Each structure stands twice: as C-alpha cells, then as structure tokens.
Amino acid sequence: MAILVIGVLLLAIAVLVVYNIQVQKKIEEYKNLEERRNKLSVIQDFLNIAGEENTVDDKLRKINEIVIDKYNIKYSTLVIFDGAEYVVKASNVDKMHYETLSNLHTEEIFQDSVATATPKYITIENENEKLPYQKTEMGRAKSAMFFPLYIDNIYIGYWVMESGRMHAFDNMDTTVIEIVKENIISVLRTTAYQDTIENIDRIDKFTGLHSAEYLYGMAKHTIDKYPTSAVCMFRIVNIEEINEKAGRLIGNDIITEVSNIVKARMSSQYVFVRYMGPKFVIVFSGVEEASLEEFLKDVKAEIEDLQIIEEPEEIESIHTIKGKKVRIKETTERKEASPKINFVISTYYKGTGLEILTKKLEEYIDSADKAESQINYI
C-alpha cells in the first residue's frame with residue numbers, strides 16, 4: 001500500500017514538473033512574443049514618423065521621445081553634423097549642456113568609437129568621480145552609451161544615452177538598442193532629401209518671399225493638410241522689355257510692387273513664393289481652381305494698373321574736354337513702366353509630386369507667346 005502511495009505521489013510530482021515546464025515555456029514564448037511585438041511597435045512608430053509631414057527636426061525630436069519612453073532611458077541626445085558643425089537635433093537634457101554634448105566626438109574616450117563605428121560604454125565606479133567628458137557637472141550622468149551614426153559608410157553624427165545611475169547599462173539588451181540605432185539611421189536616410197530642401201530655401205531680397213524650395217519643404221506641411229489645392233504660376237511677361245527700355249531699377253521696382261499687391265491679398269493658409277526671376281507661384285491650399293477666376297481677374301487687373309514712374313531730374317556730371325574738367329548739367333528722361341501678367345493654373349493632389357506640377361506649369365508659361373496675358377487652366 002505504501003509503495004502504491006509513493007508511486008502515485010511520484011507520478012503527481014512528475015506531472016507537476018512537466019506541467020511547470022510547459023507553463024514556463026509558454027511564459028518564455030509569451031515574453032518573446034511581447035518583446036517582438038514591442039520591437040515591431042517601435043519600428044512602426046519610427047516608420048510613421050518618417051512619413052509624417054513634419055520638419056526633419058520635428059521627426060528627430062519625436063524619435064528621441066519614443067526612445068526615452070519605450071526603453072525607460074533617463075537622457076537621450078541625437079547630435080548630427082549639418083555640413084558645417086555638430087548640432088544637437090534632439091535631447092531631453094537641459095540646454096546648458098548642449099555645448100558639451102555637441103562636442104563628444106572630440107573627446108579622446110570616444111574617438112576610437114567614431115573611427116571603428118562601434119558603440120562605447122562608460123561608467124563611473126564611485127560617487128566622487130565624473131564621466132570623462134563632463135567639465136563641471138557631477139551627478140547628472142554617471143553612465144553613458146555612445147553610438148556613432150553612419151550612412152553608407154559616411155559618419156554623420158552620434159546618439160548618446162545617459163543615466164544618473166552607475167552601471168545603468170550593464171545588462172541592457174544591445175540587440176534591441178542596435179535595432180533602435182538602425183531605425184534612427186533609416187529615418188535620417190529617408191529625411192536627407194527633405195533636410196536638404198529645407199536648408200537651401202532662401203528669402204528673396206527684392207520681395208521678401210521664400211524661394212521655390214520652400215514649396216517642397218516647409219510649405220508642404222500646410223499644403224498637405226488638404227486633399228487638393230489650386231496651384232497658380234504667373235509671369236511678368238514684359239519684364240525683359242521693361243529692363244531694356246526703362247532700366248533695371250524700374251524693373252526691380254516692378255518685381256517688388258507686384259509681389260506686394262499679391263501678398264496683401266494672401267490668406268494665412270496660402271503659400272506665395274518667388275519661383276524664379278519674373279515667375280511666381282501661389283498655392284491656394286484647399287481651394288478648387290474653378291473658384292479662383294474672379295479673384296485672379298481682380299489681382300491681374302490691379303497688377304496691370306500698376307505704373308512705376310521715374311520723373312526727369314537734373315544731374316551734374318564732370319567731363320574732361322581738351323584736357324580740362326568741365327561740369328555739365330543734364331536732364332534725365334522720364335521713364336515709366338507697367339507690368340503685364342500671364343497666369344496658368346492647375347490642381348495639386350496630396351501625395352503627388354508638387355515639383356512635377358510646378359515644372360509642368362513653368363514649361364507651359366515659358367512656351368506661351370510673349371504677347372499672351374491671360375488666365376489659363378491646364
């Protein structure tokens with residue numbers, strides 16, 4: 001009887017052991033699935049950010065916020081070389097530390113990491129120490145991980161994580177962090193073109209308007225709030241004649257006054273740029289082109305009523321005649337000019353190539369008869 005009881009107990013123990021092993025396996029499987037789900041969630045968040053209609057700096061700030069939130073990191077900073085200097089693009093560290101953080105690449109302790117494209121982990125061993133790159137501060141960061149960032153073997157900056165605890169990253173899953181780093185690089189790669197466009201935009205000195213590049217960078221955030229928008233390009237068709245007959249000073253005045261007339265009629269969601277030379281572009285965000293005819297007729301009439309006049313004036317100049325300097329008074333000619341405008345309009349659909357549409361409008365307006373001065377829909 002005792003043997004039977006022992007046998008039953010052993011069998012029960014064996015069943016419980018097997019059951020516990022199975023439960024443990026399921027727990028591990030669940031943990032692995034949860035970890036993979038979290039990784040995929042972070043990757044999806046990064047992809048969503050890359051596709052958002054925000055500036056590159058906004059995207060980098062959002063990425064940094066996700067890293068801090070998902071991985072419970074105390075401090076996280078992204079430093080990128082902008083072509084001239086290293087700039088803190090995203091950080092949750094007080095700005096008083098930005099100068100130090102933007103010069104970590106010059107610190108001897110990180111130079112080998114930059115040269116070999118490998119991460120560098122540093123920590124203090126007692127509370128009286130400070131990290132090698134810290135100048136005056138103590139206590140804010142007691143351990144740090146430095147990740148150099150490369151795109152196509154070109155060093156573009158670094159990502160640094162910091163903690164207020166010693167040995168904070170001793171047991172960190174580096175495979176997860178490598179995935180985060182690669183996704184940061186992926187977003188930087190996909191936003192490289194956008195960053196270039198945003199940085200080459202210039203303000204025109206005669207009109208105070210943005211250049212054409214503004215349309216494809218910063219302005220897209222406004223334009224793409226709407227599914228469709230009317231895009232209008234116009235050209236001062238007689239600008240060459242004005243420059244030749246009345247002079248470039250009057251030509252410049254024409255450019256300035258035309259832009260002022262249009263700017264005075266612009267709503268805040270509309271985008272107006274000096275596209276190139278005598279060509280301008282207006283994007284009527286969220287507006288159908290069919291509803292613009294009366295507005296454009298009024299603008300065209302006001303512009304073409306504009307008259308720039310340079311009244312005659314008496315000027316004195318010194319001439320040398322037979323070796324003698326002689327003062328001669330002359331009266332300049334009266335000069336005047338009025339602009340003639342040719343408009344072309346089409347519809348932009350969100351998600352399509354705005355630069356392709358403006359190129360199409362430009363080709364049309366450049367190939368039009370020089371005497372043409374009307375409103376065209378294509």
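This report walks through a predicted model of one protein, from its overall makeup to its sheets and cores.

## Ground rules and overall picture

Residues are numbered from 1 along each chain as its sequence is written, and side-chain values use heavy atoms, with hydrogens and water left out. Since this is a predicted model, local features need a pLDDT of at least 70 and side-chain atom pairs count only at pLDDT 80 or more, while totals for chains, interfaces and linings use all residues.

On confidence, the protein averages a pLDDT of 82, and 78% of the residues score at least 70 (pLDDT is the predictor's confidence in each residue, from 0 to 100). Among the elements, helix α1 (residues 2–51) has the lowest mean, 61, and β8 has the highest, 95.

The secondary structure comes to 12 helices and 14 strands; these are DSSP runs numbered from the N terminus, with helices being H or I over at least four residues and strands being E over at least two. Of the 378 residues, 42% are buried (buried means under 20% relative accessible area, exposed over 50%, partly exposed in between, with a 1.4 Å probe and protein chains only). Take the contacts with a separation of 6 or more: 63% of them join residues 24 or more positions apart, where contact means heavy atoms within 4.5 Å. The accessible surface is about 21,500 Å², and 53% of that belongs to carbon and sulfur atoms (Shrake-Rupley method, 1.4 Å probe; for residues, only the protein chains shown count as cover).

## The antiparallel sheet

One open sheet has five strands in the order β2-β1-β5-β4-β3, with antiparallel pairing (two strands pair if DSSP finds at least two bridges between them). Its edge strands are β2 (86–91) and β3 (120–123), each pairing on one side only. From one strand to the next, the twist averages 20°; axes here are lines fitted to C-alpha atoms, for helices over the stretch in contact, and angles run from 0 to 180 degrees between N-to-C directions.

Inside the sheet, β4 (residues 143–151) and β5 (residues 154–163) run antiparallel over nine bridges, with L149 opposite G157 in β5. Over at the β2 edge, β1 (residues 75–81) and β2 share five antiparallel bridges, and F81 has Y86 as its bridge partner. The hairpin of β1 and β2 leaves four residues between the strands, and G83 takes a positive phi near 105° there.

## A helix on that sheet

Helix α4 (residues 108–116) packs on the sheet, touching β3, β4 and β5, and its direction makes about 35° with that of β4. A residue worth a look in α4 is S113. Is S113 buried or exposed? S113 is buried, at a relative accessible area of 3%. Leaving aside neighbours within four places in sequence, S113 is in contact with T118, P119, K120, F146 and P148.

## The mixed sheet

Another open sheet also has five strands, ordered β7-β8-β6-β13-β14, but here the pairing is mixed. β7 (271–276) and β14 (375–377) each have a single partner strand, so one side of each is left without a neighbour in the sheet. Neighbouring strands are turned by 25° against each other on average, direction ignored. β13 and β14 pair in the parallel sense over three bridges, and V344 stands opposite N376 in β14.

Two helices lie across this sheet. α11 crosses β6, β8, β13 and β14, running at about 150° to β13. α12 (residues 354–367) crosses β6, β7, β8, β13 and β14, at about 35° to β6. In the loop between α12 and β14 you'll find A368, which is buried with a relative accessible area of 14%. A368 and V237 are 131 residues apart in sequence but 9.6 Å apart in space, C-alpha to C-alpha.

## The nonpolar cores

The largest nonpolar core has 31 residues, and F234, I254 and F284 have the most contacts inside it. By definition, such a core is a set of buried Ala, Val, Leu, Ile, Met, Phe, Trp, Tyr and Cys residues joined through side-chain atoms within 4.5 Å. Two or more residues each come from β6 (228–236), α9 (239–245), α10 (248–263), β8 (279–285), α11 (293–304) and β13 (341–349). α10 gives the largest share, six residues.

Not counting residues up to four places away in sequence, F284 touches S229, A230, C232, M266, Y270, L292, F295 and L296. A second, separate core has 25 residues, including W159, I177, I185 and V187.
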